[in-house]
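Thanks for sharing this one. Below are a few friendly notes to read alongside the model, going from the overall fold to single residues.

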Amino acid sequence: MAHSHAPPSEGEALEAARAKLGISQNEAARRAGMSGTRWRQIVNGVQSTAGITVPVKASAETLARMAKAVNLPASDLSAVGRTDAAALLEGSPTEEARRLRAEIERRVANMPPEDRERMERLIRQEEEAAERTKVERLETMLQLIRITTQESE
């Protein structure tokens with residue numbers, strides 16, 4: 001695809017990692033679970049539709065999948081300013097939780113009122129259950145610490 005601008009930094013990093021791995025763009029795309037066309041659009045930073053070229057920026061999730069497919073380290077994504085994708089690639093549960101929560105909120109907001117109320121109740125119940133589980137895990141950790149410190153005294 002001909003274009004007059006430079007590829008984005010993340011595209012350059014992905015392509016360097018892909019070349020180092022010695023695989024084609026189509027193979028990298030297959031490993032990332034996407035089409036070769038979409039891979040090229042993202043690494044080039046543009047796509048053409050009906051003769052109109054528009055900029056493309058991969059979501060953090062897509063970029064993390066692409067990086068994983070070519071063994072691009074999270075530190076390289078951070079270095080090019082994509083800390084969002086780097087956090088997902090590293091498996092940061094906090095970042096992933098934020099992303100999932102935002103998607104849930106967006107989807108729930110678009111539901112009819114009666115479905116939204118029911119879903120919000122279910123979400124509250126799940127959050128309360130998760131909090132109870134967290135408390136139970138912390139209590140277990142505290143018990144282990146108490147046992148360990150008693151043994152060492």
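1. Let me start with a small detail of the strand pairing. Thr49 stands opposite Ile52 in β2. Please keep in mind throughout that this is a predicted model.

2. The two strands themselves are easy to place: β1 covers residues 46–49 and β2 covers residues 52–55. They pair in the antiparallel sense, over 4 bridges. Together they form a hairpin with 2 residues between them.

3. The turn of that hairpin deserves a look. Ala50 lies in the loop between β1 and β2, and its phi is near 50°, a positive value in a residue other than glycine. Is Ala50 buried or exposed? Its relative accessible area is 79%, so Ala50 is exposed, the cut-off being over 50%.

4. A second positive phi turns up in Asn71, where the angle is near 60°, again in a residue other than glycine. Asn71 lies in the loop between α4 (60–69) and α5 (74–79). With 57% relative accessibility, Asn71 counts as exposed. When you check the backbone, I would simply list Ala50 and Asn71 side by side.

5. Now for the chain as a whole. It has 8 helices and 2 strands, and along the sequence these follow the pattern α-α-α-β-β-α-α-α-α-α. In that order, the two strands come after three helices and are followed by five helices.

6. On overall dimensions, the protein chain has a radius of gyration of 22 Å, whereas a compact globule of 153 residues would have one near 15 Å. The C-alpha trace spans about 65 × 55 × 25 Å along its principal axes.

7. How much of the chain is buried? Buried residues make up 26% of the 153 residues. Of the contacts with a separation of 6 or more, 48% are between residues 24 or more positions apart.

8. The exposed surface comes to about 10300 Å², with carbon and sulfur atoms supplying 52% of it. As for charge, there are 23 positive and 24 negative side chains, and the centres of the two sets lie 6 Å apart.

9. Finally, one acidic residue is worth a visit. Glu10 lies in helix α1 (residues 9–21). Glu10 counts as buried because its relative accessibility is 10%, and the cut-off is under 20%. Leaving aside residues up to four places away in sequence, Glu10 touches Lys57, Leu63, Val80 and Arg82.

Note on methods. Residues are numbered from 1 along each chain as its sequence is written. This is a predicted model: local features need pLDDT of at least 70, side-chain atom pairs count only at pLDDT 80 or more; totals for chains, interfaces and linings use all residues. Side-chain values use heavy atoms; hydrogens and water are left out. Two strands pair if DSSP finds at least two bridges between them. The radius of gyration is taken over C-alpha atoms; the globule rule is 2.2 Å times the number of residues to the power 0.38. Buried means under 20% relative accessible area, exposed over 50%, partly exposed in between (1.4 Å probe, protein chains only). Contact means heavy atoms within 4.5 Å. Accessible areas come from the Shrake-Rupley method with a 1.4 Å probe; for residues, only the protein chains shown count as cover. Lys and Arg count as positive and Asp and Glu as negative; His and the chain ends are not counted. The place of a charge is taken as NZ of Lys, CZ of Arg, CG of Asp or CD of Glu.
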